[in-house]
Amino acid sequence: MFNLIYKKGKRVHSKCFTLIFLPKDELKFAFVVSKKVGNAVVRNKIKRRLRAISRDLDFGNGWYLFLARPSIKECKFQKLFKDVDRCLLQIKR
């Protein structure tokens, strides 16, 4: 799954993350947060935030891969929400 998304997906960049989208008939999410971002507590907090955002926004069918950057740990929830929404608008164009 990951190799296919990396090779054929459309990338949209933000200060805090990179979103890779591949159109499919089903809706799937993957969240990649490396150890460069922080310890396990920080990484899990970021994944929980991204999951909460994915429940609130209308993504549409496809596979979505979020690649977190180290700057995401300073990002507030509202800014992260707006960044994901902006990236979705770019993908839908």
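Helices (DSSP runs of H or I with at least four residues) and strands (DSSP runs of E with at least two) are numbered from the N terminus, and by this rule Ser54 lies in helix H2, residues 40-56. The model is predicted, so local features need pLDDT of at least 70 and side-chain atom pairs count only at pLDDT 80 or more, while totals for chains, interfaces and linings use all residues. Residues are numbered from 1 along each chain as its sequence is written, and side-chain values use heavy atoms, with hydrogens and water left out.

**Exercise 1. Describe the fold of the chain and its overall dimensions.**

Step 1: Begin with the elements, which are 3 helices and 4 strands, and which follow the pattern α-β-β-β-α-β-α when read along the sequence.

Step 2: Turn to the radius of gyration, which is taken over C-alpha atoms and compared with a globule rule of 2.2 Å times the number of residues to the power 0.38. With 93 residues, a compact globule would have a value near 12 Å, and because the chain has 12 Å, the two agree.

Step 3: Add the box filled by the C-alpha atoms, which is roughly 35 × 25 × 20 Å along the principal axes.

Step 4: Contact means heavy atoms within 4.5 Å. Among the contacts with a separation of 6 or more, 80% are accounted for by residues 24 or more positions apart.

**Exercise 2. Determine how Leu27 and Ala30 are placed in strand S3, and whether each is buried or partly exposed.**

Step 1: Leu27 is in strand S3, which covers residues 27-32, and Ala30 lies in strand S3 as well.

Step 2: Buried means under 20% relative accessible area, exposed means over 50%, and partly exposed is in between (1.4 Å probe, protein chains only). Leu27 counts as partly exposed because its relative accessibility is 44%, whereas Ala30, with a relative accessible area of 7%, is therefore buried.

Step 3: Leaving aside neighbours within four places in sequence, Leu27 is in contact with Phe59, Gly60, Asn61, Gly62 and Tyr64. Ala30, with residues up to four places away not counted, touches Met1, Phe2, Tyr64, Leu65 and Phe66.

Step 4: For distances between C-alpha atoms, Leu27 and Ile53 are 26 residues apart in sequence and 14 Å apart in space, while Ala30 and Leu19 are 11 residues apart along the chain and separated by 10.0 Å.

**Exercise 3. Work out the surroundings of Val33 and Ser54.**

Step 1: Val33 lies in the loop between S3 and H2, and because its relative accessibility is 12%, Val33 counts as buried.

Step 2: Apart from its neighbours within four places in sequence, Val33 is in contact with Arg43, Ile46, Lys47 and Ala68. The C-alpha atoms of Val33 and Arg69 are separated by 7.6 Å, although these residues are 36 residues apart along the chain.

Step 3: Ser54, at 11% relative accessibility, therefore counts as buried. The side chain of Ser54 reaches the backbone oxygen of Arg51 at 2.6 Å.

Step 4: When residues up to four places away in sequence are not counted, Ser54 touches Phe29, Phe31 and Phe59.

**Exercise 4. What share of the residues of the chain counts as buried?**

Step 1: The cut-off for burial was given in Exercise 2, and of the 93 residues of the chain, 42% count as buried.

Conventions. A polar contact is a pair of N or O atoms within 3.5 Å; within protein, one must be able to donate a hydrogen and the other to accept it, and residues adjacent in sequence count only if both atoms are side-chain atoms.
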